[in-house]
Amino acid sequence: MRSIILLLSLLAIANPDGRKTTSLDGKWQVIVDPYESGFYDYRYKPSANGYFKDAKPKSKSDLIEYDFDRSGTLKVPGDWNTQSDQLFFYEGTIWYRKSFDYERRPNTRLFVYFGAANYFADVYLNGEKIGQHEGGFTPFNFEITKLVRDTGNSLIVKVDNKRRRDAVPTLMTDWWNYGGLTRHVKLVETPATFVHDYFIQLQKGSRNRVSGWVKLDGDKRSQKITVRIPEAGISKSFTTDDSGSAAIDFTADLKLWSPENPKLYDVAIEAETDQVRDQIGFRSIETKGTDILLNGRPIFLRGVCIHEEAPLRGGRAYSREDALTLLGWAKELGANFVRLAHYPHNEFIVREADRMGIMVWSEIPVYWTILWENPATFENARNQLTEMIERDKNRAAVVIWSVANETPLGDARLSFLKNLISHARSLDSTRLMSAAMERHYTDATTQMIDDPLGEYLDVLGCNEYVGWYDGLPEKADRLEWKSKYEKPLVMSEFGGDALYGHHGDPLTRWTEEYQENLYQHQLNMLKKIPFLRGTAPWILMDFRSPRRPLPGIQDYWNRKGLISNRGEKKKAFYVMQQYYREFNAEGVR
Ligand code: GCU
């Protein structure tokens with residue numbers, strides 16, 4: 001399997017203010033290429049003269065069988081499936097081309113940055129391969145300083161969303177495989193030596209010790225750098241070593257970030273050759289026994305799950321407006337927490353959660369049954385985990401990293417996930433690790449959480465569908481929950497389907513009354529679980545799924561939303577809202 005190949009240095013660029021960026025969003029010329037004839041020759045060998053050459057006939061006798069200029073267009077950012085009926089079910093390759101001019105300032109470097117491309121992207125500039133990326137939900141970038149021209153640049157991306165057994169996710173998902181350049185694309189200009197990345201958060205368990213690091217990239221690696229938090233009167237200087245790194249460590253009296261007071265500070269990182277600014281909140285998140293402590297105080301995660309489905313218009317969500325709509329509905333529900341399922345969502349929703357005071361569970365798409373024994377599959381999952389943490393490590397709102405959803409018990413799976421967890425802890429020791437696990441019956445009325453994975457987690461996540469896939473709603477009344485672990489539980493999924501406006505008696509499937517009834521019984525059961533410290537019903541809004549064809553009801557939508565895809569609130573929404581109203585300002589019941 002092809003991993004990330006960097007023809008030119010691939011640097012994780014933080015995305016703060018203060019950088020000169022140029023958007024490449026808008027219309028891109030595209031060629032739909034189901035047989036990948038723009039990449040392979042008839043012997044299925046990679047061709048040297050593929051579409052990435054963006055060639056034009058030089059004479060009337062020249063044979064060129066493609067022409068971006070006379071081809072269709074697709075909007076970027078955006079999935080291709082909802083931009084054209086012909087592409088609704090399309091899984092395969094589409095070539096994207098953007099022409100641009102760019103006059104680079106002297107002594108600067110230039111990078112092309114992609115917020116995400118689903119699923120596999122091969123990237124070319126002016127006919128040269130500059131890199132490739134696997135994974136549909138995390139950002140990547142390539143340096144193009146040496147290749148960019150003042151005028152007539154041709155940036156070409158081969159995007160392939162074909163599902164593969166060895167991929168992450170693998171062949172089967174309960175969400176739409178939206179393909180394309182699904183998030184923003186931009187050029188980022190930096191000084192020759194620039195602030196490549198930084199991690200500035202409170203140390204684990206501390207409420208006044210700021211620690212982390214700053215990393216420079218470029219020739220002038222050893223420099224004096226200063227971290228400033230003007231509002232808190234903080235100005236601390238450090239010196240980067242020969243590798244460009246400096247550890248950051250100082251005490252500070254800061255207002256702590258919380259849902260009630262989502263305080264963000266303007267933070268500036270100044271080096272001799274560069275400076276960047278960001279808005280960062282400071283909070284501590286930890287567990288103690290079965291409690292989750294935010295800033296040292298017990299908290300209940302009043303949550304809801306969200307898919308990155310665009311509200312009202314459908315398709316892959318990508319904008320700030322999409323984020324504000326979805327988080328606005330979550331707030332209306334009474335949530336102080338969202339589980340972003342089952343893959344890293346766009347940066348807007350995480351940054352708006354930071355501003356709105358909504359805690360975030362962020363997850364990589366290690367979903368159902370991937371190839372646990374395949375080293376390349378592990379490398380891929382690990383890389384997606386790295387990229388997720390790299391992008392959002394300075395976001396106070398993100399409190400939980402999740403490494404998996406509903407994965408089957410087994411030794412290979414356990415060691416796969418254990419290795420991911422220890423990798424995540426090596427990158428970020430400040431947050432909690434979790435995964436959405438499953439439960440089993442030890443007798444007719446006892447639910448047990450004893451997945452061996454629980455040993456390695458800080459927070460136990462569990463998905464259960466009592467009343468939908470497992471019996472009828474009233475079954476929940478008879479169930480008792482037990483756990484092998486003295487750890488907090490977040491019920492990371494529960495719920496059932498209802499078509500908005502479809503009514504009947506409480507035992508008629510697909511009606512709002514059935515869903516309402518199911519939630520009432522669910523909440524009675526959940527309230528009795530002594531170690532429950534969070535709930536995230538499945539799901540805030542109906543979302544598209546290729547696994548849901550039932551005509552007149554699903555029509556390729558998973559209808560478990562508390563809100564329809566047109567923004568209509570179902571009866572169960574109010575049941576959940578009432579439950580969250582029972583919690584006091586401190587977030588406990
Ligand atoms: C699963 C899964 C979700 C899915 C949901 C459902 O538990 O984690 O991705 O959509 O159940 O069946 O609706």
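Student: What makes you say that strand E21 and strand E31 pair, and in which sense do they run?
Tutor: They run in the parallel sense, with two bridges between E21 (residues 301-306) and E31 (residues 532-535). Two strands pair if DSSP finds at least two bridges between them, so this couple qualifies. One place to look is Leu301, which stands opposite Gly534 in E31. Strands here are DSSP runs of E with at least two residues, helices are runs of H or I with at least four, and both are numbered from the N terminus.

Student: Before we go on, where do the coordinates and numbers come from?
Tutor: This is a predicted model, where local features need pLDDT of at least 70 and side-chain atom pairs count only at pLDDT 80 or more, while totals for chains, interfaces and linings use all residues. Residues are numbered from 1 along each chain as its sequence is written, and side-chain values use heavy atoms, with hydrogens and water left out.

Student: How do you know that strand E30 and E31 pair?
Tutor: E30 (residues 489-493) shares three bridges with E31, in the parallel sense, and the rule asks for at least two, so they count as paired. Met491 stands opposite Thr535 in E31. Between those two strands the chain goes through helix H5 (residues 512-527), and the β-α-β crossover is right-handed.

Student: Why is that crossover called right-handed?
Tutor: Point the strands away from you and trace the path from the first strand over the helix to the second: if that runs clockwise, the crossover is right-handed. The one from E30 through H5 to E31 gets that label.

Student: What makes Arg533, in strand E31, buried or exposed?
Tutor: Its relative accessible area is 17%, so Arg533 is buried. The cut-offs are under 20% for buried, over 50% for exposed and partly exposed in between, with a 1.4 Å probe and protein chains only. The C-alpha atom of Arg533 is 5.7 Å from that of Val490, though the two are 43 residues apart along the chain.

Student: And what is Glu91 called on that scale?
Tutor: Partly exposed, because its relative accessible area is 31%. Glu91 sits in the loop between strand E3 (73-76) and strand E4 (93-100).

Student: Why is Cys305 not in a disulfide?
Tutor: A disulfide is a pair of cysteine sulfur atoms within 2.5 Å. The closest cysteine sulfur to that of Cys305 belongs to Cys462 and is 12 Å away, so it is too far for a bond. Cys305 is also buried, at 0% relative accessible area. Cys462 is in no disulfide either, and it too is buried, at 0% relative accessibility. Searching the whole structure turns up zero disulfides.

Student: What makes Asp174 a polar contact of the ligand?
Tutor: A polar side-chain atom of Asp174 is 2.5 Å from an oxygen atom of the ligand. A polar contact is a pair of N or O atoms within 3.5 Å; within protein, one must be able to donate a hydrogen and the other to accept it, and residues adjacent in sequence count only if both atoms are side-chain atoms. Side-chain N or O atoms of Asn405, at 2.9 Å from a ligand oxygen, and of Trp538, at 3.2 Å, fall inside the limit too. The protein covers 96% of the 320 Å² of accessible area that the ligand has on its own. Those areas come from the Shrake-Rupley method with a 1.4 Å probe; for residues, only the protein chains shown count as cover.

Student: How many residues surround the ligand?
Tutor: There are 14, and the closest are Asp174, His342, Tyr367, Glu406 and Tyr469. A residue counts as near if one of its heavy atoms lies within 4 Å of the molecule or strand.

Student: What makes helix H2 mostly covered?
Tutor: Eight of the 10 residues in H2 (residues 347-356) are buried, including Glu347, Arg351 and Asp354. At the N-terminal end, Asn346 acts as a cap, with a side-chain oxygen 3.1 Å from the backbone nitrogen of Phe348. Just after the helix, Gly357 takes a positive phi of about 75°.

Student: And how do you know that strand E6 is mostly covered?
Tutor: Six of its six residues (120-125) are buried. Phe120, Asp122 and Tyr124 point one way, Ala121, Val123 and Leu125 the other. E6 pairs in the antiparallel sense with E7 (residues 128-134) over six bridges, and with E9 (residues 153-160) over six bridges as well.
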